[in-house]
Amino acid sequence: MSPEQAVIVIGSGLAGLCATTQLIAHRIPVIMLERAAKPGGNSIKASSGINGAPTRFQPPLQNDSADLFLADTLSSAGRPLASSVAEERARRERLISTLVTTSSEAVSWLVDEKGVDLSTVAQLGGHSRARTHRGGAGQKPPGYAIVSALLDSLNQEPLFELRTNTRVTRVVRAEGDSDDTEGMLGVEYDAGREDNQTETLYGPLIFATGGFAGDTHGLLEKYRPDLAGIPSTNEAREGTQPLLEEVGAEVVDMDQVQVHPTGFVDEKDLTAPVKFLAAEALRGEGGILLVGEGKRFVDELDTREKVTAAVMKGAGPLEDTSRRQWDVTLLLDEGAAAASNTHLGFYLWKGLMRKTTVGELALPSIRDTLQDYAEVVSGKKPDDFGRSSFGNWTLKDVRSDSVVYVGRVTPVVHFTMGGVVINEHSQVLDKSGSPIKGLWAAGEITGGLHGQNRLGGSSLLECVVFGRIAGENAAAFHQQH
Ligand code: FAD
Ligand code: SIN
């Protein structure tokens, strides 16, 4: 492959892989640059699944639709969407509309064309319906399953070249009087040469470099210094939005950072700065959250923003002063546990959850709390916190020997809603709202789609939807030039 003919995709997470898959379908060569030693980014860690509405895997009686998904997404996006000026609001609404109306197709594409099992569906926080898809019993977690299916297929392709340990450090613009290259964008990258020199590659660029929830002392400190000391689900990695700002890209919502309510506190390493996530699907399948003496305090399936706020208000601090952590117990009955068996096996093996009985828990109010919740689930009384979806909870008569599964959790910095501004064609926009020629972006590096709260399952979805759109549009550009 001649490097001059290739489209350059930066980042090997789901957005980059989807863009690449589209380009290769048009027989366009791709060079993918990835700073890590292994591909997959945060995408490979995704644990709860991908949203789609309506799909053939959803419970038919719930009558989900793209319109209901749209309403949930608009409501979750909140103030940044509602308070935008007309033109900006219209841009955001076009992105959201594209996301939800193509969600069903995105799930079908993964299942029918890429062979990924997404047959199990859970209801996550802020959703009015069960629409977050993952594999069934015995399947791999959704992020791993999706990323490996796409990578395996790309690795068969002679037109695909993945360069790992290759960190893009700058976006450059070609100079000179050649009509072919003048004004063309390119990237400088550090491929670990012994002489410390960077190398440069020119071509259409698709940025799929993810978010900055792990950029603790960089963008996070700049935009959200108040989150200092809170652990993260993201490994340390600097954000790349500034590279695009240098060539004129606009950024939006950079202060909108999602703190997920449930990162596992490992008893063997209480102060670890990077935590395993306790997948929201555990709550979707029926799990509950407890504080203090063993009391519920929130609708566990409210939006993450609201559940996290309730934790920070209602839970005591964890007995450790070097990090900001809160003491919360996640509890599953046997029904919720059976429905989450793929996740649970891993968490039990890692020692992040344990199997026990109600009587063995040192929580004075636990029996009353669980009996009360069981009555809510059975429809005997409304929930004090407004929860209306209970997944697969089955425990009805709470006894001292009733089996439960518990783990200790705390809020974790998880996802950045802000990023570079794109339009519905995944083109990166400059400060005047015009597309920057030859530059696309997709996935968590982009901003504005989710407003102040991203719904669980909508990041994998945005990677598929806008990654594929970026690939399609870069393919058209490549063919024209
Ligand atoms: P990533 O997958 O993060 O990929 C970006 C890639 O770019 C990385 O490999 C990175 O190394 C590379 N890169 C960065 N900078 C450079 C550079 N300068 N040069 C070269 N390469 C670079 N979302 C859901 O929708 N559902 C879920 O169930 C879910 N579960 C999650 C669980 C966990 C533990 C985490 C952390 C996140 C989860 N999310 C989930 C969020 C979702 O996984 C991510 O937001 C999404 O995968 C981001 O995909 P991406 O392709 O944009 O970026
Ligand atoms: C989770 O599994 O809780 C994460 C889901 C997401 O971030 O969308």
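Which domains does the shell around ligand 2 draw at least three residues from? Hold that thought for a moment. Everything here comes from a predicted model.

Overall picture. The chain has 14 helices and 19 strands. Its radius of gyration is 23 Å, close to the 23 Å the globule rule gives for 481 residues, so the chain is as compact as a globular protein of that length. Along the principal axes, the C-alpha trace spans about 80 × 50 × 45 Å.

Back to the opening question. The two are domain 1, which is 3-212 + 417-480, and domain 2, which is 258-413. Each of them gives at least three residues to the shell around ligand 2.

Here is who sits in that shell. From the low-numbered end we get Ser47 and Ser48. Next come His260, Leu277, Ala279, Glu280 and Arg304. His414, Arg454, Gly456 and Gly457 complete the list. By class, that gives two nonpolar, six polar and three charged residues.

Now the polar contacts of ligand 2. The side chain of serine 48 puts an N or O atom 2.6 Å from a ligand 2 oxygen. For histidine 414, a polar side-chain atom is 2.8 Å from an oxygen of ligand 2. Arginine 304 has a side-chain N or O atom 3.0 Å from an oxygen of the ligand. How much of ligand 2 does the protein cover? On its own the ligand has 260 Å² of accessible area, and 91% of that is covered.

On to ligand 1. There are 39 residues around ligand 1. Which of them come nearest? Glu34, Ser43, Ser48, Glu444 and Ser459. Note Ser48 again: this serine is listed around ligand 2 as well.

Three contacts for ligand 1. Serine 43 has a side-chain N or O atom 2.5 Å from an oxygen of ligand 1. Serine 459 does it at 2.7 Å, also from the side chain. Asparagine 42 uses its backbone: an N or O atom there lies 3.0 Å from a ligand 1 oxygen. Taken alone, ligand 1 exposes 1,000 Å², and the protein buries 97% of that.

Where does the ligand 1 shell come from? The elements giving two or more residues are helix H1 (14-25), strand S7 (167-173), strand S16 (403-416) and helix H14 (458-480). H14 gives the most, with four residues. By class, the shell holds 11 nonpolar, 21 polar and seven charged residues.

Next, a piece of sheet. Three strands form an open sheet, ordered S3-S5-S4, with antiparallel pairing. Strand S3 (50-51) and strand S4 (120-122) are at the edges, each with a single partner strand, so one side of each has no neighbour in the sheet. S3 pairs with strand S5, residues 132-134, over two bridges. Isoleucine 50 has histidine 133 of S5 as its bridge partner.

Last, two backbone details. In general, most residues other than glycine have a negative phi, and most peptide bonds are trans. The bond joining alanine 53 and proline 54 is cis, with omega about -10°. Where is proline 54? In the loop between S3 and helix H2 (66-77). Then asparagine 165: its phi is near 50°, a positive value in a residue other than glycine. Asparagine 165 is in the loop between strand S6 (160-163) and S7. S7 also gives residues to the ligand 1 shell.

To wrap up. Ligand 1 is 97% buried by the protein, and ligand 2 is 91% covered. For ligand 2, the shell draws on both domain 1 and domain 2. That's it from me.

Methods: Residues numbered from 1 in each chain as written. Chains lettered and ligands numbered in written order. Predicted model: local features only at pLDDT ≥ 70, side-chain atom pairs only at ≥ 80, totals over all residues. Heavy atoms only, no water. Pairing = 2+ DSSP bridges. Near = heavy atom within 4 Å. Polar contact = N/O pair within 3.5 Å; in protein donor to acceptor, adjacent residues only side chain to side chain. Areas by Shrake-Rupley, 256 points an atom, 1.4 Å probe, with all protein chains shown as cover. Nonpolar A, V, L, I, M, F, W, Y, C, P; charged D, E, K, R; others polar. Domains from an automatic or database assignment. Rg over C-alpha atoms; globule rule 2.2 N^0.38 Å.
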